[in-house]
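Got your viewer open and a selection box ready? Load the entry shown here, and we'll hop from stop to stop.

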Amino acid sequence: PLVSVKELLQRAEEGKYAVGAFNVNNMEIVQAIVAAAEAERAPVIMQASQGAIKYAGIEYIYALASLAAGRASVPVALHLDHGTSFEQCMKCIRVGFTSVMIDGSKLPLEENIALTNKVLEVARATGVSVEAELGKIGGTEDDIHVDEKDAFFTDPEEARYFVEKTGVDALAVAIGTAHGQYKGIPQLDFPRLEKIAGLVKIPIVLHGSSGVPDEAVQEAIRLGVRKVNIDTNIREAFTAACRQVLDSNAKEIDPRKVLGPAREAATQVIREKIRVFGSAGKA
Ligand code: G3H
Ligand code: 13P
Ligand code: ZN
Ligand code: NA
């Protein structure tokens, strides 16, 4: 069965490593994540965004993930990535997700707290864990300048206040990462992360982790990050493999000949990430 994210992150805190949270959209990526986790003997989180749910259907996402978890010899959890409404979180809880993210980061602080608490109230009654977000994690198109850091990045004191007012299970922070591909090399604000981790005694989540150098991810883990989100690096590997097959054989019409190598390429990338995060051998 699908396991609780809270439990996986608690163990990660004890062992001072991070659990990989990999985005799923289809069967091949679900299979790649489980294959990688089993090969590395690692606990793993599958996460679906609202876009993934819209694409595959919530029942398909749940069916694929729960089947994978049921057969896996390692712990597998299913999490909603960037849920933006109470209703979306409820749908996921109802269908069987073991964790949800309520992303109220675009809201004013008190509204973010209120929305997070509304989700927490139901989640608590069902044993589902909740991740919230504070600060603005960049999109690819956002170029955050150094003088804008304080306006966008998570304020440590605000993080302490937010956690105190919600009792949320995990907190996503903005410390210089961005979703999608980076133009240059991202510069993480480690002093800020250290301050947040000193004030907030819950697992910290690093979003936008594709394209962040391994050493920087590991430093973030050393400072308290316990869940690392990866989507873009899987997309890159998956699509490059599809492209390679199609480019080298214009007559190929069998989807299995295209998606099989893509699944294999995704598995390799996920295995590498698991090793970087220190979760290999922790299942
Ligand atoms: O945080 C964003 C994830 O990479 C999911 O992206 O909304 O295109 O599915 P998506
Ligand atoms: P990347 O786009 O860097 O893979 O980030 C994924 C993410 O944070 C999903 O929530
Ligand atoms: Zn994210
Ligand atoms: Na990224």
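Start by selecting Asp-231 together with ligand 1: a polar side-chain atom of Asp-231 sits 2.7 Å from an oxygen atom of ligand 1. Add Arg-235, where a polar side-chain atom is 3.0 Å from an oxygen atom of ligand 1. His-179 joins in too, with a side-chain N or O atom 3.3 Å from an oxygen atom of the ligand. Pairs like these pass as polar contacts, meaning N or O atoms within 3.5 Å; inside the protein, one atom must be able to donate a hydrogen and the other to accept it, and sequence neighbours count only if both atoms are side-chain atoms. The protein covers 66% of the 300 Å² of accessible area that ligand 1 has on its own (Shrake-Rupley method, 1.4 Å probe; for residues, only the protein chains shown count as cover).

Before moving on, a word on what you're looking at. This is a predicted model, with local features needing pLDDT of at least 70 and side-chain atom pairs pLDDT 80 or more, while totals for chains, interfaces and linings use all residues. Residues are numbered from 1 along each chain as its sequence is written, chains are lettered from A and ligands numbered from 1 in the order written, and side-chain values use heavy atoms, leaving out hydrogens and water.

Now show everything around ligand 1: Asn-23, Ser-49, Asp-81, His-82, His-179, Asp-231 and Arg-235 (a heavy atom within 4 Å).

Next, select ligand 2. Of the 15 residues surrounding it, the closest are Asp-81, Gly-180, Ser-210, Asp-231 and Thr-232. Polar side-chain atoms of Asp-81 and Thr-232 lie 2.8 Å and 2.6 Å, respectively, from an oxygen atom of ligand 2. Gly-180 uses its backbone instead, with an N or O atom 2.8 Å from a ligand oxygen. How much of ligand 2's own 300 Å² of accessible area does the protein cover? The figure is 96%. Colour strand E3 (76-83) and strand E8 (225-230): these are the elements that give two or more residues to the shell around ligand 2 (strands are DSSP runs of at least two residues, helices of at least four, numbered from the N terminus).

Click on ligand 3, the zinc ion. Its protein donors are His-82 (NE2), His-179 (NE2) and His-207 (ND1), lying 2.0 Å from it. Donors are N, O and S atoms within 2.8 Å of the metal, or 3.2 Å for Na, K and Ca; water is not among the atoms, so sites may look incomplete. His-179 is in the loop between E6 and H9 and His-207 in the loop between E7 and H10, so this pair, 28 residues apart, links distant parts of the chain. Buried or exposed, where does His-207 fall? His-207 is buried, at a relative accessible area of 1%, whereas His-179 is partly exposed at 29%. Buried means under 20%, exposed over 50% and partly exposed in between, using a 1.4 Å probe and protein chains only.

Then pick ligand 4, the sodium ion. Backbone-labelled O atoms of Ala-178, Gly-180, Gly-208 and Ser-210 are its protein donors, 2.5 to 3.0 Å away. Ala-178 lies between strand E6 (170-173) and helix H9 (190-199), and Gly-208 between strand E7 (204-206) and helix H10 (214-222), so the pair ties together parts 30 residues apart in sequence. Both Ala-178 and Gly-208 are buried.

Last stop: Glu-40, in helix H2 (residues 27-40). Glu-40 is buried at 9% relative accessibility, and a 2.8 Å polar contact joins its side chain to that of Arg-271.
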